[in-house]
Amino acid sequence: MDELAAIEALLFVAGDEGMSLEEISTILDCSTQQAYQFLMRLQKNYEEATSRGLMLLEVGNQYQLATKKEYADVIKKYAISPLTTNLSQAALETLAIIAYKQPLTRMEIDEIRGVQTSGALQKLTLRGLIEPKGRVEGPGRAILYGTSDYFMDYFGLKELSDLPEITELETENTEKESDLFFERFNQQFENE
């Protein structure tokens, strides 16, 4: 197994949360010293490769992948381009979870959605709709996500309590489904 490629894959999947040296050494079944040496080799590879847009960051005791500063303009252009103006269903679901249950870690959001959400979190962060609100105390010091001031402005909210109650949304959705069912039933009955 190529340890550098394995670490790169792990850090990509970990996203903004990153991984500690201990986590990496446990998963790769090696000592923390070996894991540190692999990380330093990976960092050197990124620094020396002019054709790569990524770099390795150490934030606190967490390692994570990030884009190189020289590509900031391209990333900003992508974030505001028409290609990214619509949020995907995954991003909308993630945003709703954060809005109603904030602050949350990526793992908590993943648990609620039942799928991995690091891509949606990155897109929502790039758009300025969510932001880090601190870190969890304890191992890994995971990032806590919450909505931003831009989110509040964008949705015309003065405070989070202005969000519709979830029970209202569920009732409204159930009524729409019943109406749709009733219309289909009547159409079928008329056709017979």
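**View 1. The buried residues of helix 5.** Ala91, Thr94, Leu95, Ile97, Ile98 and Ala99 are the buried residues of helix 5. Buried means under 20% relative accessible area, exposed over 50%, and partly exposed in between (1.4 Å probe, protein chains only). This is a predicted model: local features need pLDDT of at least 70, side-chain atom pairs count only at pLDDT 80 or more, and totals for chains, interfaces and linings use all residues. Residues are numbered from 1 along each chain as its sequence is written, and side-chain values use heavy atoms, with hydrogens and water left out. Helices (H or I, at least four residues) and strands (E, at least two) are DSSP runs, numbered from the N terminus. The buried residues of helix 5 pack against several elements, including helix 6 (106-113) and strand 4 (130-135). Contact means heavy atoms within 4.5 Å.

**View 2. An open sheet of 3 strands.** The strand order is 1-3-2, with antiparallel pairing. Two strands pair if DSSP finds at least two bridges between them. Strand 1 (19-20) and strand 2 (54-59) stand at the edges, each with a single partner strand, so one side of each has no neighbour in the sheet. Strand 1 pairs with strand 3 (residues 62-67) over 2 bridges. Strand 2 and strand 3 are joined by 6 bridges. Gln62 in strand 3 is the bridge partner of Ser20, and Val59 also stands opposite Gln62.

**View 3. The hairpin of strand 2 and strand 3.** There are 2 residues between the strands. Gly60 takes a positive phi near 65° here.

**View 4. Thr67 in strand 3.** Thr67 is partly exposed, with a relative accessible area of 40%. Which residues does Thr67 touch, not counting those up to four places away in sequence? They are Gly53, Leu54, Met55 and Ile75.

**View 5. A salt bridge in helix 3.** Side chains of opposite charge can pair when their charged atoms come close. A salt bridge is a side-chain nitrogen of Lys or Arg within 4 Å of a carboxyl oxygen of Asp or Glu. The structure holds 6 salt bridges. In one, Lys44 meets Glu48 (3.9 Å, N to O). These two residues lie 4 residues apart, about one turn of the helix. Lys44 is partly exposed at 49% relative accessible area, and Glu48 is exposed at 54%.

**View 6. A salt bridge in helix 6.** Asp110 and Arg106 meet through their side chains (2.9 Å, N to O). Are they buried or exposed? Both Asp110 and Arg106 are buried.
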